[in-house]
Each structure stands twice: as C-alpha cells, then as structure tokens.
Amino acid sequence: MTLSPEAIETLKNVTTATLTTILLKKGLRNVWIRGAMPLEEDQERLVGPAFTLRFVPAREDLATPAAWSKPISTRTAIEDMPEGCIAVIDAMGITDAGVFGDILCARMRKRGVSALITDGVVRDGKGVLGTGLPVWARGVAAPPSVAGLTFVGWGETIGCGGVAVIPGDIIVADSDGTVVIPQALLEEVLAEAPAQEEMEGWIVEEVEGGEKLPGLYPMNEETKARYAGYLKEKQGRTS
C-alpha cells in the first residue's frame, strides 16, 4: 500500500494517544503494540505502511548462522522492503535474542525503510542508533536472533505485541509507542483525527484556564456550544 503525502502529513500531526481514542470509538480496543518503545529520546512521529516479518521459537536444526544465507532469511526479506515502509517484526516478546543488528539496519536505512518496530529487541544497540534508522523495541540484547528465534517469513499477518498486523496496515509511531490503523479505516481516521486533536487541545487550554473537568471532558451541551463558538470565531479569523 502506498500512502499519499497528504495522508502522511495528516497523521504526523496526530498523536498515537488521539488515534487510540478514535479507534476505540470505532470498536477497536487492541491497536497499541505492547513493549515497542523508541530507543532514542525525542524520536519524531513516523507514519508508514506495515511490512511484516515473523519469527517462531528457535529450533536447533533451523536456527543456525547458516540460515542467514538461505532464500528465506532476514537478509532476503530486507531486499523486498519497499521505500517508505515500516518493518514490523513479530518476535513473540522474546528479549534475550536481537532480531536485527547494525548491519541489517544500515541496509534497511539505505533502502529507504522508515522505521523498525518489534515486540522483541535489537542487538548492537549503539551501532543501530548510529545507522539513523528509527527503532521501536523492548530494548537491546547481545545474542543474535538464532540464539532464541527462527525466522520463518515475511509479508503475512502477524501478531506483534499482542496486536494483529496485516501487511499494508498503517503504522503511526511516536514517543507513546506504536498504533496500528487497519487499511479499511484509514479514510475515516484521516477525516476525524485533526478535529479530535484540535478539540483535545482546546480542552487542555480550558483546564489550564481553571475549568473543572465535569461537563468539560467529556463535553456537556453547554461546553459543546462554547466549543462551537470557538470554532466559528477561529474560522472567521482565518477567512
């Protein structure tokens, strides 16, 4: 899936917290990938379609260094990653074997991959940060992936951090973690997200001005009327 520049720009201005609220109103409660947090502080918000990869528990006859040269390998998967995608890796939450290291991340960066998301960990932490590839993970670990994981494929539905991720789902990642937006809901989210973000910003301003929460958050009819007046006044200033 290719995201338009307009869609990317819209989502880059909406927090993952706001997105979870919007998706909750649509009945989706399980969209935040558990454990995947940015390795670098002040990481900018990133948006892109999901490119999925899947590991299963290590099996000694399969999870060997020799497996890195086979057709089904993380190396081959990276060469299949399109520019602008976000790699989402199902590592089953295992934290004692790094899914990718600095060399693989450097190649992903060279291919124009936007970010790496995993419910596991990476290795060569300093080197990974040095590649400039943004990473959301549970942390770092020295052992390679084959010490605890077997890579089995890419481009299929996975579970990452307890969330189902389908290739092409839209990923939005910021300092609060990673949210998955189903493709079918993208247009609705794009239509609603800016208004939701603006409304919450107005509520914060009201709180800072001394307003009490009952009737403000959520809004009662009186507050809705005041907010409508604010929007009308704002529109008048910009028209």
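Okay, let's start with one residue: Phe-151 has a relative accessibility of 13%, so we count Phe-151 as buried, because the cut-off for buried is under 20%. Keep in mind that this is a predicted model.

So what does Phe-151 do with its ring? If you search the whole structure, you get 5 aromatic pairs. In one of these, the rings of Phe-151 and Trp-154 sit with their centres 6.2 Å apart and their planes at 10°, so we call the pair stacked. Trp-154 comes out as partly exposed, because its relative accessible area is 24%. There's a third ring to look for as well: ring pairs join Phe-55, Phe-151 and Trp-154 into a cluster.

A quick reminder for anyone new to this. Two numbers describe a pair of aromatic rings, the distance of the centres and the angle of the planes.

Now try those two numbers on another pair. Trp-202 and Tyr-230 are 6.2 Å centre to centre, with 35° between the planes, and this pair is tilted. Which parts of the chain does the pair link? Distant ones: Trp-202 belongs to helix α6 and Tyr-230 to helix α7, which covers residues 221-238, and the two are 28 residues apart. Buried or partly exposed, then? Trp-202 is buried, with a relative accessibility of 5%, while Tyr-230 is partly exposed at 23%.

That takes us to the two helices themselves. α6 and α7 pack at an angle of about 110°, and their axes are 12 Å apart. An angle like that makes α6 roughly perpendicular to α7, because the range for that label is 65 to 115 degrees.

Who's touching whom here? From α6 you've got Ala-195, Glu-198, Met-199, Trp-202 and Glu-206, and they meet Thr-223, Arg-226, Tyr-227, Tyr-230, Leu-231 and Lys-234 from α7. Sort the residues of this α6 and α7 contact by class, and you find 6 nonpolar, 1 polar and 4 charged.

Let me pick one name out of that list. Leu-231 is in helix α7, and with 33% relative accessibility Leu-231 is partly exposed. How far is Leu-231 from Glu-198 in sequence and in space? They're 33 residues apart along the sequence, and 9.7 Å apart from C-alpha to C-alpha.

Okay, α6 has another partner. Helix α1, residues 5-12, packs with helix α6, residues 186-208, at an angle of about 50°, with 10 Å between their axes. That makes α1 oblique to α6. If you like handedness, the crossing of α1 and α6 is left-handed.

On the α1 side, the contact is made by Ala-7, Thr-10 and Leu-11, and on the α6 side by Leu-186, Val-189, Leu-190 and Pro-194. What classes do the residues in this contact of α1 with α6 fall into? There are 6 nonpolar, 1 polar and no charged residues. Put that beside the contact of α6 with α7, where 4 are charged.

One last stop, still on α6. Gln-196 lies in this helix, and its relative accessibility is 11%, so Gln-196 counts as buried. Which residues is Gln-196 in contact with, once you leave aside its neighbours within four places in sequence? The answer is Thr-18, Thr-21, Ile-22 and Lys-25.

So, if you want somewhere to begin when you open the model, go to helix α6: follow Trp-202 across to Tyr-230 in α7, then go back along α6 to Pro-194 and its part in the contact with α1. That's me done, thanks!

Key: Residues are numbered from 1 along each chain as its sequence is written. This is a predicted model: local features need pLDDT of at least 70, side-chain atom pairs count only at pLDDT 80 or more; totals for chains, interfaces and linings use all residues. Side-chain values use heavy atoms; hydrogens and water are left out. Axes are lines fitted to C-alpha atoms, for helices over the stretch in contact, and angles run from 0 to 180 degrees between N-to-C directions. Helices (H or I, at least four residues) and strands (E, at least two) are DSSP runs, numbered from the N terminus. Angles under 35 degrees count as roughly parallel, over 145 as roughly antiparallel, 65 to 115 as roughly perpendicular and the rest as oblique. A crossing is left-handed if the near helix is turned anticlockwise from the far one by less than a right angle, and right-handed if clockwise. Contact means heavy atoms within 4.5 Å. Ala, Val, Leu, Ile, Met, Phe, Trp, Tyr, Cys and Pro count as nonpolar, Asp, Glu, Lys and Arg as charged, and the others, Gly among them, as polar. Rings of Phe, Tyr and Trp (its six-membered ring) pair if their centres lie within 6.5 Å; planes under 30 degrees apart count as stacked, over 60 as edge-to-face and the rest as tilted. Buried means under 20% relative accessible area, exposed over 50%, partly exposed in between (1.4 Å probe, protein chains only).
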